[in-house]
Amino acid sequence: MFRTPMNRRTLLSAGAAGAGALLAMGTSSHFVPARAAGLAPTPSMRGGSNNYRPGAPIVERIGNGGFWMTGSVRRAGDGAPLEGIRIQIWAHTTEGYERDPESHGATLTGADGTFRLEMPQIVPAFGQPHGHLAYDGDAYETVFLRPVMPSPRDTSLNADFVLQPV
Amino acid sequence: MGSKIRGILIWGALVIAIVAPITIAATSDYLAYRSGIYIAAGFAGIVAMALILIQPLLAAGYLPGLAMLRGRRLHHWVGASLVIAILAHVGGLWLTSPPDVIDALTFTSPTPFSDFGVLAMWGLFAAAALAGFRKTLRIRPAVFRFAHTALAVFVVVTGSAHALLIEGTMGTTSKIALCALALAATVKAIADLRSWALLTRRRRRA
């Protein structure tokens, strides 16, 4: 074992291979298959529930706004848009930490199943500019999402839910 | 080139390589939205990366005025500081957002750089422990050198991957430069010190 002496080339190529694998890992996202045996439910994302505070109040906007969190909520199987679904949103923003109660707020989906809530600009925290969203109710399985912004300069972020009836 | 000029150039380059990323991070817009503890935790990480660049330079006696013996002694202290910097880094992040750090430590984080950071941390602790217990455990010099160097390479590679994948306060260019220099210094030190001597000697005996 370990017969190959370490040199710049082996080390660099190992590093490059590692970096390639990383990129592949980093860009994988949760694609939901369109309609195989009906619309599949969205799985919770790793770390999605971090710093969650259950029962965030429904608000007009979080803090002073300037950034838009948007998305949609549909039912697993038939894909029907779900109205009146309470989505909770939080993030590390220009106005506060994920943990701060003021960073949390909730909104309801409209008749078309979409929602949008204005909130302060999300800034990178713990290495990525990301937001958190939760559906945590009685009618459907709980889902926690943690979408990442392609650029920290983006002024909106989208996250779509497909909920599994309980 | 005179040795004095060479010394000034080497030290100057090292100071720039370390001060530039710290200065750039210190002027980051993101700092305005972070508490003192979070900022300190971030800078502890940057300082750790800088110390990782210094370590091979000291181990191989590349720094003018710090030839082998003095360099080695300093290498011990910088190693201890590196452990403290990492403890401050992880501790500060823990205070800032416990669940994110728990995810990282248990390798369940959504971000690959967290895994690399934790791997680098354990590699560093192992390298430091090996150095600390070297005499007590009576580890043979060749074995120590090989194991300590292997762990050091692991720390440099995983630590660099951790730093490079993070979107944080560090400037991209200075961050890449710091990691590349740390990797280059490590590779050169290993080549010059023939840290794999243990393996080649065994092979000859066999």
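Biologist: How many salt bridges does the structure hold over all chains?

Modeller: There are two over all chains, and please keep in mind that this is a predicted model.

Biologist: What makes the pair Arg75(A) and Asp78(A) a salt bridge?

Modeller: The term calls for a side-chain nitrogen of Lys or Arg within 4 Å of a carboxyl oxygen of Asp or Glu. The side chains of Arg75(A) and Asp78(A) meet at 2.8 Å, N to O, so the pair qualifies.

Biologist: Why is Arg75(A) called partly exposed?

Modeller: Partly exposed lies between the buried class, under 20%, and the exposed class, over 50%. Arg75(A) has 29% relative accessibility, so it counts as partly exposed. Its partner Asp78(A), with a relative accessible area of 40%, is partly exposed too.

Biologist: And how do you know that Asp192(B) and Lys188(B) form a salt bridge?

Modeller: Their closest N and O atoms are 2.9 Å apart, and the limit is 4 Å, so this pair passes as well. Both residues lie in helix H7 of chain B, four residues apart, or about one turn of the helix. In an α-helix there are 3.6 residues a turn, so residues three or four places apart point the same way. Asp192(B) is partly exposed at 42% relative accessibility, and so is Lys188(B) at 38%.

Biologist: Let's turn to chain A. Why is Thr107(A) called buried?

Modeller: Its relative accessible area is 10%, and buried means under 20%, so the word fits. Thr107(A) lies in strand S3, residues 105–108 of chain A. Among the residues it touches, beyond those up to four places away in sequence, are Ile85(A), Ile87(A), Phe115(A) and Leu117(A).

Biologist: Back to chain B: which residues of H4(B) are buried?

Modeller: They are Asp100(B), Val101(B), Asp103(B) and Ala104(B).

Biologist: How do you know that they are on the same side of H4(B)?

Modeller: They cover an arc of only 155 degrees around the axis, and that puts them on the same side. Their cover includes H3 and helix H5 (112–132) of chain B.

Biologist: What makes up the nonpolar patch on the surface?

Modeller: Ile37(B), Trp94(B), Leu95(B), Ile102(B) and Leu105(B) form it, with about 430 Å² of accessible area together. Helices H3 and H4 of chain B each supply at least two of its residues. Leu105(B), found in helix H4, counts as partly exposed at 30% relative accessibility.

Biologist: Where does UniProt place the feature "transmembrane region" in chain B?

Modeller: The unreviewed entry puts it at several stretches, including residues 37–62 and 146–166. In the model, residues 146–166 of chain B are 95% helix and 0% strand.

Key:
Residues are numbered from 1 along each chain as its sequence is written. Chains are lettered from A and ligands numbered from 1 in the order in which they are written. This is a predicted model: local features need pLDDT of at least 70, side-chain atom pairs count only at pLDDT 80 or more; totals for chains, interfaces and linings use all residues. Side-chain values use heavy atoms; hydrogens and water are left out. Buried means under 20% relative accessible area, exposed over 50%, partly exposed in between (1.4 Å probe, protein chains only). Contact means heavy atoms within 4.5 Å. Patches are made of residues with over 30% relative accessible area and no salt bridge: like charges are joined within 9 Å, nonpolar side chains (Val, Leu, Ile, Met, Phe, Trp, Tyr) within 5 Å. Accessible areas come from the Shrake-Rupley method with a 1.4 Å probe; for residues, only the protein chains shown count as cover. UniProt positions are given in the numbering used here, feature names are shortened, and annotations may be inferred rather than shown by experiment. The arc is that of the directions from the helix axis to the C-beta atoms.
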